[in-house]
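User: Please take a close look at a single part of this model, namely the first two helices and the aromatic rings around them. Which side chains are hidden there, and what do they pack against?

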Amino acid sequence: MIYPNGSEWRRWDLHIHTPFTKKNDQFPGADEDEKWEKYVAAINEYPHDIAGIGITDYFSVDGYFRFLEEQKAGNITKNIPLVIPNVELRIHPVAKDGQGLNLHVLFDPEVADQIQGRFLDKLKFSTPDRDYTANPNQLRELGRALRPNDHLNEAAALRAGIEGYLVSIDCVRDLFKQDKAL
């Protein structure tokens, strides 16, 4: 019997960012390796049991897959029975501060490798000039279109595109209506 005591409180956190989160990476470390080493150490040193977490990023599941790689390599030794991909979006309407509302979309880990093609590549954000999907290349194109005089490098263009990308809740709802298995 998995749960002989019936209902019990378990620790979950469905909003955990990883190093190199697309919008606001504030993880300490001089480079990619050091950031991930410190992150993994913090996970492993956490003193409580963890039943499940959602690895979160803006318009991306890159951090989720890196987290799984760290687990598979044996670097994350903390037993976490369930790791869920969590895609964070900004949606209309905008709040008083001008930011879109947060929407978190949690996916079954069984479809994690399909999120880009079945979900992100089908989201649509329209400008007067064209439509953009949440594909990384189109997010960079949007970032450069929104800040044409800034000569943005790839990372800055991606960040600018994510900052400016607002999707309607109807678009998200329609995607799930069209792809019920997702």
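Analyst: A residue counts as buried when its relative accessible area is under 20%, as exposed when that area is over 50%, and as partly exposed in between. With these limits in mind, the two helices can be taken in turn; please note that the model is predicted.

Helix α1 runs over residues 32-45 and has 14 residues. From its first C-alpha to its last it reaches 20 Å, close to the 20 Å expected at 1.5 Å a residue. At its start, a side-chain oxygen of D31 comes to within 3.3 Å of the backbone nitrogen of D33.

Within α1, the buried residues include K35, W36, Y39, V40 and I43. These residues lie on the same side of α1, because they cover an arc of only 125° around the axis. A general rule helps in reading such a pattern: an α-helix has 3.6 residues a turn, so residues three or four places apart point the same way. The face of α1 turned away from the buried side carries E37 and E45, which are exposed. On the buried side, the cover includes the strands β1 (12-17) and β2 (52-58), together with helix α2 (62-72).

The helix α2 can be read in a similar manner. Its buried residues are G63, Y64, R66, F67 and E70. Here the arc around the axis is only 165°, which puts these residues on the same side of α2. They pack against α1, β2 and β3. The two helices therefore face one another through their buried residues, since α2 is part of what covers α1 and α1 is part of what α2 packs against. After α2 comes G74, whose phi is positive, near 85°.

Aromatic rings connect this region further. Ring pairs link F27, W36, Y39 and F67 into a cluster; W36 and Y39 are among the buried residues of α1, while F67 is among those of α2.

For ring pairs, the cut-off is that the centres lie within 6.5 Å. By this rule there are nine aromatic pairs. One of them joins Y64 and F65 edge-to-face, with 5.3 Å centre to centre and 70° between the planes. The two partners differ in exposure: Y64 is buried because its relative accessible area is 4%, whereas F65 is partly exposed because its relative accessibility is 31%.

A further edge-to-face pair consists of F107 and F119, at 5.2 Å centre to centre with 65° between the planes. This pair links distant parts of the chain, for F107 is in the loop between β4 (100-106) and α3 (115-118), and F119 is in the loop between α3 and β5 (125-126), 12 residues apart. F107 is buried at 2% relative accessibility, and F119 is buried with a relative accessible area of 0%.

Finally, the helices may be placed in their wider setting. The largest nonpolar core has 41 residues, and F59, F67, L89, F119, L123 and Y165 touch the most other members. Both α1 and α2 are among the elements that each supply at least two residues of this core, as are β2 and β3 (82-94). Thus F67 of α2 is buried, belongs to the ring cluster and is one of the core residues that touch the most other members.

How values were computed
Residues are numbered from 1 along each chain as its sequence is written. This is a predicted model: local features need pLDDT of at least 70, side-chain atom pairs count only at pLDDT 80 or more; totals for chains, interfaces and linings use all residues. Side-chain values use heavy atoms; hydrogens and water are left out. Helices (H or I, at least four residues) and strands (E, at least two) are DSSP runs, numbered from the N terminus. The expected span of a helix is 1.5 Å times one less than its number of residues. Buried means under 20% relative accessible area, exposed over 50%, partly exposed in between (1.4 Å probe, protein chains only). The arc is that of the directions from the helix axis to the C-beta atoms. Contact means heavy atoms within 4.5 Å. A polar contact is a pair of N or O atoms within 3.5 Å; within protein, one must be able to donate a hydrogen and the other to accept it, and residues adjacent in sequence count only if both atoms are side-chain atoms. A nonpolar core is a set of buried Ala, Val, Leu, Ile, Met, Phe, Trp, Tyr and Cys residues joined through side-chain atoms within 4.5 Å. Rings of Phe, Tyr and Trp (its six-membered ring) pair if their centres lie within 6.5 Å; planes under 30 degrees apart count as stacked, over 60 as edge-to-face and the rest as tilted.
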